Amino acid sequence: MRYLVWILRLAVFVVVLLFALKNTRPVDVSFFADHVVTDVPLIVVMLTVFVLGALFGVLITAPVIVRRRREAARLRRELARLEDKHKQPAAPQEAAAAPETVAPLAPL
């Protein structure tokens, strides 16, 4: 499964890189407040947006990943505690005492 993920990552990277290499003409990039950067190669714009999108995706999923790892660690600790408790020999239980031995019957 690990190899499949790496092959998929490599395929996405190659497709994006080839697409970017085919689009190298200079473009104008407009920002807010009428700020314009002129003659930026389209390859730079596309790769920058791709990297920013990947970083944004990682930042969005990071809290969920951290929460799941904490939960998994908590469950592992609880499992280890329960296994240790199960492995310990049970304390010998005292035989149930007859009521007469606890409080002998008084003569009538």
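## A walk around the model

Welcome! The protein has three helices and two strands. This is a predicted model, and its elements run α-β-β-α-α from the N terminus on. Before zooming in, colour the whole chain by exposure. Of the 108 residues of the protein, 5% count as buried. Now show the surface: the accessible area comes to about 10400 Å², and carbon and sulfur atoms account for 69% of that.

**Stop 1: helix α1.** Select residues 2–22, which make up α1. This helix has 21 residues and reaches 31 Å from its first C-alpha to its last, close to the 30 Å expected at 1.5 Å a residue. How many of its 21 residues are buried? The number is one, so α1 lies largely in the open.

**Stop 2: the loop after α1.** Next, select Asn23, in the loop between α1 and β1, where β1 covers residues 26–30. Is Asn23 buried or exposed? Asn23 counts as buried because its relative accessible area is 18%, below the 20% cut-off. Show its side chain and follow it to the backbone oxygen of Phe19, which it reaches at 2.7 Å. Then look at what else Asn23 touches: leaving aside residues up to four places away in sequence, its contacts are Leu42, Ile43 and Met46.

**Stop 3: Ile43.** Follow one of those contacts to Ile43, whose place is in helix α2, residues 42–87. Ile43 is buried as well, with a relative accessible area of 18%. Which residues does Ile43 touch, not counting those up to four places away in sequence? They are Ala20, Leu21 and Asn23, so the contact you have just followed appears here from the other side. To try a distance, pick the C-alpha atoms of Ile43 and Val27: these residues are 16 apart in sequence and 9.7 Å apart in space.

**Stop 4: a nonpolar patch.** Select Leu8, Val12, Phe50, Val51, Leu52 and Leu55 together, and turn the surface on again. These residues make a nonpolar surface patch of about 540 Å². Both α1 and α2 give two or more residues to it, and the largest share, four residues, comes from α2. Finish at one member of the patch, Leu55, which lies in helix α2. Leu55 is partly exposed, with a relative accessible area of 48%.

**Last look.** Zoom back out to the whole chain. Among contacts between residues at least 6 apart in sequence, 17% join residues at least 24 apart.

Technical notes:
Residues numbered from 1 in each chain as written. Predicted model: local features only at pLDDT ≥ 70, side-chain atom pairs only at ≥ 80, totals over all residues. Heavy atoms only, no water. Buried < 20%, exposed > 50% of the residue type's maximum accessible area, 1.4 Å probe, protein only. Contact = heavy atoms within 4.5 Å. Patch = residues over 30% accessible without salt bridge, like charges linked within 9 Å, V, L, I, M, F, W, Y side chains within 5 Å. Areas by Shrake-Rupley, 256 points an atom, 1.4 Å probe, with all protein chains shown as cover. Salt bridge = Lys/Arg side-chain N within 4 Å of Asp/Glu carboxyl O. Polar contact = N/O pair within 3.5 Å; in protein donor to acceptor, adjacent residues only side chain to side chain. Expected span 1.5 Å × (residues − 1).
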